[in-house]
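Please summarise the fold, the core and the side-chain pairings of this chain. Short sections will do.

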Amino acid sequence: MSKYTIVPRVRQPGFKVEIEGTDGSRNTMLGFETEEQAADWVAASRRQEGLSEPGGGD
């Protein structure tokens, strides 16, 4: 499962989500106005990631 880290942005207001994939790849999602929005996105992404795995889901 990927690792998600919510980080306050430095040069602009808001938050970003840093993502480290199971294969070591790294990505960043920008544009969250609040930490809550970022956390909601992480939760939705984790649900989707779980559903895409064999035997994953509920």
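The report below goes from the overall fold to single side chains.

## Basis

This is a predicted model, in which local features need pLDDT of at least 70, side-chain atom pairs count only at pLDDT 80 or more, and totals for chains, interfaces and linings use all residues. Residues are numbered from 1 along each chain as its sequence is written, and side-chain values use heavy atoms, with hydrogens and water left out.

## Fold

The chain has one helix and three strands. Helices (H or I, at least four residues) and strands (E, at least two) are DSSP runs, numbered from the N terminus. Along the sequence the pattern reads β-β-β-α.

Of the 58 residues in the chain, 22% are buried. Buried means under 20% relative accessible area, exposed means over 50%, and partly exposed lies in between (1.4 Å probe, protein chains only). Among contacts with a separation of 6 or more, 19% come from residues 24 or more positions apart. A contact here means heavy atoms within 4.5 Å.

## Strand pairing

S1 and S2 pair in the antiparallel sense, over six bridges. Two strands pair if DSSP finds at least two bridges between them. Valine 7 stands opposite lysine 16 in S2. The two strands S1 and S2 form a hairpin with six residues between them. Glycine 14, in that turn, has a positive phi of about 115°.

S2 also runs antiparallel to strand S3 (residues 26–32), joined by five bridges. Phenylalanine 15 has phenylalanine 32 in S3 as its bridge partner. S2 and S3 form a hairpin too, with five residues between them. In this turn, glycine 24 has a positive phi of about 90°.

## Two faces of S2

In a regular strand the side chains alternate between the two faces of the sheet. S2 shows such alternation. Phe15, Val17 and Ile19 point to one face and are buried. Lys16, Glu18 and Glu20 point to the other face and are not buried.

## Nonpolar core

Which residues make up the largest nonpolar core? Seven residues do: Tyr4, Phe15, Val17, Ile19, Phe32, Ala38 and Val42. Strand S2 (15–20) and helix H1 (35–52) each supply at least two residues of this core. The largest share, three residues, comes from S2. A nonpolar core is a set of buried Ala, Val, Leu, Ile, Met, Phe, Trp, Tyr and Cys residues joined through side-chain atoms within 4.5 Å.

Alanine 38 is in contact with Ile6, Phe15, Val17 and Phe32, leaving aside its neighbours within four places in sequence.

## Aromatic cluster

The structure holds two aromatic pairs. Tyrosine 4 and tryptophan 41 form an edge-to-face pair, 6.2 Å centre to centre with 70° between the planes. This pair links distant parts of the chain: tyrosine 4 lies in strand S1 (residues 3–8) and tryptophan 41 in helix H1, 37 residues apart. Tyrosine 4 is buried at 11% relative accessible area. Tryptophan 41 is partly exposed at 26%.

The rings of phenylalanine 32 and tryptophan 41 have centres 6.0 Å apart and planes at 50°, so this pair is tilted. Phenylalanine 32 is buried, with a relative accessible area of 11%. Ring pairs thus link Tyr4, Phe32 and Trp41 into a cluster. Rings of Phe, Tyr and Trp (its six-membered ring) pair if their centres lie within 6.5 Å; planes under 30 degrees apart count as stacked, over 60 as edge-to-face and the rest as tilted.

## Charged side chains

How many salt bridges are there? The count comes to two. A salt bridge is a side-chain nitrogen of Lys or Arg within 4 Å of a carboxyl oxygen of Asp or Glu. Glutamate 18 meets lysine 16 at 3.8 Å, N to O. Glutamate 18 is partly exposed at 33% relative accessible area, and lysine 16 is partly exposed at 23%. Glutamate 20 bridges to arginine 26, with the closest N and O atoms 3.6 Å apart. Glutamate 20 is partly exposed at 28%, whereas arginine 26 is exposed at 64%.

Glutamate 49 sits in helix H1. Glutamate 49 is buried yet has no salt bridge. The nearest side chain of opposite charge, arginine 46, is 6.3 Å away. For charge, Lys and Arg count as positive and Asp and Glu as negative; His and the chain ends are not counted. Glutamate 49 touches Met1, Ser2 and Tyr4, not counting residues up to four places away in sequence.
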